[in-house]
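Please open the model in your viewer and keep the selection panel at hand. The stops below go from the whole chain to a pair of side chains and then to a pocket.

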Amino acid sequence: EAYLPEVLRGTPQVVAKEAVPADAGDAQTIRGLFPATCDTPLVEFSARSSAEADRAPIKVGVVLSGGQAPGGHSVIAGIFD
């Protein structure tokens with residue numbers, strides 16, 4: 001059986017947190033490279049009771065650092081599955 005964290009079973013609740021600030025020295029470069037995602041809030045998932053479940057799908061984005069890494073494909077395949 002595939003492992004799925006408890007918080008992602010059922011329909012998790014999305015909790016928006018404060019945006020993670022970019023390093024002051026790199027902020028303009030980062031904004032130039034990632035204009036649509038820079039300064040967006042951090043998102044965490046929390047479990048919700050079955051009474052609150054609305055069965056709406058959750059859209060999840062994955063940002064890769066650019067270098068190849070063992071297991072990266074498995075992580076994305078696991079989210080998709």
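What follows is a short tour, one selection at a time.

**The whole chain.** Begin with everything selected, bearing in mind that this is a predicted model. If you colour by secondary structure, you should find two helices and two strands, which follow one another along the sequence in the pattern β-α-β-α. Switching to a surface display brings up an accessible area of about 7000 Å², of which 57% belongs to carbon and sulfur atoms. Of the 81 residues of the chain, 5% count as buried. If you draw the contacts with a separation of 6 or more, 64% of them come from residues 24 or more positions apart.

**The salt bridge.** Next, select lysine 17 and glutamate 44 and show their side chains, which meet in a salt bridge with an N to O distance of 3.8 Å. Which parts of the chain does this pair tie together? Lysine 17 belongs to strand β1 (residues 13–19) and glutamate 44 to strand β2 (residues 41–46), so the pair links parts that are 27 residues apart in sequence. A search of the whole structure finds one salt bridge, and it is formed by lysine 17 and glutamate 44. Are the two partners buried or exposed? Lysine 17 counts as partly exposed because its relative accessibility is 39%, and glutamate 44 counts as partly exposed at 40%.

**Around glutamate 44.** Keep glutamate 44, in strand β2, at the centre of the view and add its contacts. Leaving aside residues up to four places away in sequence, glutamate 44 touches Gln13, Val14, Val15 and Lys17. You may also draw a C-alpha to C-alpha distance from glutamate 44 to proline 12, which should read 9.6 Å for two residues that are 32 apart in sequence.

**The largest pocket.** Finally, turn to the largest pocket, which holds about 630 Å³ of space. Select Thr37, Thr40, Pro41, Leu42 and Val63, since these are good residues on which to centre the view: among the 17 lining residues, they lie nearest the centre of the pocket. Which element gives the most to this lining? Strand β2 does, with four residues. When you colour the lining of the largest pocket by class, twelve residues should appear as nonpolar, three as polar and two as charged.

Conventions. Residues numbered from 1 in each chain as written. Predicted model: local features only at pLDDT ≥ 70, side-chain atom pairs only at ≥ 80, totals over all residues. Heavy atoms only, no water. Salt bridge = Lys/Arg side-chain N within 4 Å of Asp/Glu carboxyl O. Buried < 20%, exposed > 50% of the residue type's maximum accessible area, 1.4 Å probe, protein only. 1 Å grid on protein atoms, 1.4 Å probe; cavity = no way out; pocket = protein on both sides within 12 Å on 5 of 7 lines; lining within 4 Å. Points joined across faces, edges and corners; volume = space filled by probe spheres on them. Nonpolar A, V, L, I, M, F, W, Y, C, P; charged D, E, K, R; others polar. Contact = heavy atoms within 4.5 Å. Areas by Shrake-Rupley, 256 points an atom, 1.4 Å probe, with all protein chains shown as cover.
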